[in-house]
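User: I am new to this structure and would like to go through it in short questions. Please show it before we start.

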Amino acid sequence: MKPDNFVSPDYFSLDNLLSEEHKLVRDSTRSWVKKNISPIIEKHAQAATFPKEILSGLSEIGAFGCFIPQKYGGAGMDYISYGLMMQELERGDSGIRSTVSVQSSLVMFPIWKFGSEKQKKKYLPKLASGELIGCFGLTEPDHGSNPSKMTTSFKDDRKGFYTLNGAKLWISNAPFADIAIVWAKNEKNRIHGLIVERGMKGFSTPETKNKWSLRTSSTGELIFNKVKVPKENILPRKSGLGAPLMCLDSARYGISWGAIGAGMDCYQTALSYSKERIQFDKAIGSKQLQQKKLAEMITEITKAQLLAWRLGVLKNEGNATSAQISMAKRNNVEIAINIARDARQILGAMGITGEYSIMRHMMNLESVITYEGTHDIHLLITGMDITGFNAF
Ligand code: TGC
Ligand code: FAD
């Protein structure tokens, strides 16, 4: 793979909107990605393996639960720092950002927001240090976009345990996770979160193979066959579908920044290539057709950066709505995938090789546009928000 000479596009001087701390977080994450992700990622993508060797480094840069308070082992950062971190990690690879999104927004967030003090003290510091890795089980084989119909369920056995039965599919980090936040229904049909630990009898996590997308992230199933979960492992402070949806808001927010990273990487690669590649005696970047593609890319990146930054401000104030988050996730993933497709064309045949990151980003973004709510679902969320009619 080519050396990583990434330079961040900042067409509207957006750096002026960031604090010194934001810039420090972004620049240090970027340096870390250049040193630790770029040199190894293509090899792992080709082999479809998750680079476990980076887990300790991710924890050292504060990536796991960066917005979780320091008293629980987090870095206590604000949401713009979280976003910038996701942007830089996804600039390296969506699979790496995914691992961090799941750990931070889908595992640490629910324990922090819905867990007991005992659960927070038991799990959060170890999740922040990477000693424990978590996963989040909402999707089921027959219930993807419509999780409210989930059938995974648990019963009170009246002996200090809940007995959990069912299955979850498409779960990031599942094959090697130490704990799983599992969403399941009780006897009254109410959704609750349970902390299920690896090693509990009847709990298995087979890996899902043959993915052409997100190959550096490990994906699997969660199978529960009469798993006895101690009662103290239920998240006590919120129930109902709103609980997992709050976690998704946090992760979707991070993705709205992360996708910009993938888009920026594709744009910069295509821009550099267009200045060097000579055809018909001239650099292809001097041709109007290629300039149109590049000009539209930087326009869309700039709009996406503004959307993400404004959403970050609202999120820091506690005023970001779920519908605003949906709009930003949907828009920014769409612009990134379109940029990846156009950038791939600018590189001609070279664009399909692992010498460059573009094809990997393009394939990764097919997952990103599907998970955390599909492109259609986010459009329907916006539609419902503006019309008041539910079209799901
Ligand atoms: P609906 O009736 O609208 O809502 C049910 C209850 O939830 C409340 N609520 C929310 N609460 C907090 N935050 C939100 N964003 C909320 N949205 C809704 C709502 O007020 C209601 O509360 P209550 O008290 O009245 O019960 O629910 P619905 O069944 O009609 O579904 C709505 C819909 C379609 C938007 C939702 O089901 C949805 O978002 N579906 C998409 C599923 C999804 O995104 N799955 C993601 C799985 S995790 C994943 O993909 C991880 S990838 C990880 C990685 O590698 O990065
Ligand atoms: P479906 O819901 O079956 O949708 C199929 C198609 O129908 C889509 O195009 C969809 O937009 C459309 N559709 C559905 N409903 C409607 C409607 N009402 N109106 C119009 N169109 C509609 N889940 C987790 O719980 N945890 C994870 O960690 C996780 N990680 C993942 C990692 C990867 C790599 C992938 C690919 C997925 C992951 N998921 C995870 C699952 C992901 O959230 C689901 O794939 C997603 O929510 C969509 O569900 P589905 O695939 O079952 O598609």
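Analyst: Helices and strands here are DSSP runs, a helix having at least four residues and a strand at least two, and both are numbered from the N terminus. The model is a predicted one.

User: Between which strands does the loop with N210 lie?
Analyst: N210 is not a glycine, yet its phi is positive, at about 65 degrees. The loop that holds N210 runs between β6 (203-204) and β7 (219-230).

User: Is N210 buried or exposed?
Analyst: A residue counts as exposed over 50% relative accessible area and as buried under 20%. N210 has a relative accessible area of 76%, so N210 is exposed.

User: Where is F280 found, and is F280 buried or exposed?
Analyst: F280 is found in the loop between β8 (278-279) and β9 (282-283). Its phi is positive, near 50 degrees, in a residue other than glycine. With a relative accessible area of 74%, F280 is exposed.

User: Is H44 buried or exposed, and which side chain does the side chain of H44 make a polar contact with?
Analyst: H44 has its place in helix α2 (residues 38-47). Its relative accessible area is 8%, so H44 is buried. The side chain of H44 makes a polar contact of 2.7 Å with the side chain of T49.

User: How many residues of strand β4 are buried?
Analyst: On one side of β4, the residues I179, I181, W183 and K185 are buried. On the other side A180, V182 and A184 are buried too, which leaves both faces covered. For strand β4 (residues 179-185) the count of buried residues is 7 of 7.

User: In which sense do strand β1 and β4 pair?
Analyst: Two strands pair if DSSP finds at least two bridges between them. Strand β1 (residues 134-137) and β4 have 4 bridges. C135 stands opposite A180 in β4. The sense of this pairing is parallel.

User: In which sense do β4 and strand β5 pair, and which residue is the bridge partner of V182 in β5?
Analyst: β4 and strand β5 (residues 191-197) pair over 7 bridges, in the antiparallel sense. In β5, the bridge partner of V182 is L194.

User: Which residue in the hairpin of β4 and β5 takes a positive phi?
Analyst: The hairpin has 5 residues between the strands. A positive phi near 70 degrees is taken there by N189.

User: Where does ligand 1 sit, and which element gives the most to the shell around ligand 1?
Analyst: Ligand 1 sits in the largest pocket. Two elements give two or more residues to the shell around ligand 1, namely α5 (94-114) and α7 (242-276). With 6 residues, the element that gives the most is α7.

User: How many residues surround ligand 1?
Analyst: The closest residues to ligand 1 are S98, S172, R252, S322 and E372. The number of residues that surround ligand 1 is 26.

User: How much of the area that ligand 1 exposes when taken alone does the protein bury?
Analyst: A nitrogen atom of ligand 1 is 3.2 Å from an N or O atom in the side chain of D249. Oxygen atoms of ligand 1 are 3.4 Å from an N or O atom in the side chain of Y371 and 2.8 Å from a polar backbone atom of E372. Taken alone, ligand 1 exposes 1,100 Å², and the part of that area buried by the protein is 69%.

Conventions. Residues are numbered from 1 along each chain as its sequence is written. Chains are lettered from A and ligands numbered from 1 in the order in which they are written. This is a predicted model: local features need pLDDT of at least 70, side-chain atom pairs count only at pLDDT 80 or more; totals for chains, interfaces and linings use all residues. Side-chain values use heavy atoms; hydrogens and water are left out. Buried means under 20% relative accessible area, exposed over 50%, partly exposed in between (1.4 Å probe, protein chains only). A residue is near a molecule or strand if one of its heavy atoms lies within 4 Å of it. A polar contact is a pair of N or O atoms within 3.5 Å; within protein, one must be able to donate a hydrogen and the other to accept it, and residues adjacent in sequence count only if both atoms are side-chain atoms. Accessible areas come from the Shrake-Rupley method with a 1.4 Å probe; for residues, only the protein chains shown count as cover. On a 1 Å grid over the protein atoms alone, a cavity is a set of points where a 1.4 Å probe fits but cannot get out, and a pocket is an open set with protein on both sides within 12 Å along at least five of seven lines; lining residues have an atom within 4 Å of a point. A molecule sits in a cavity or pocket if more than half of its atoms lie within 2 Å of its grid points.
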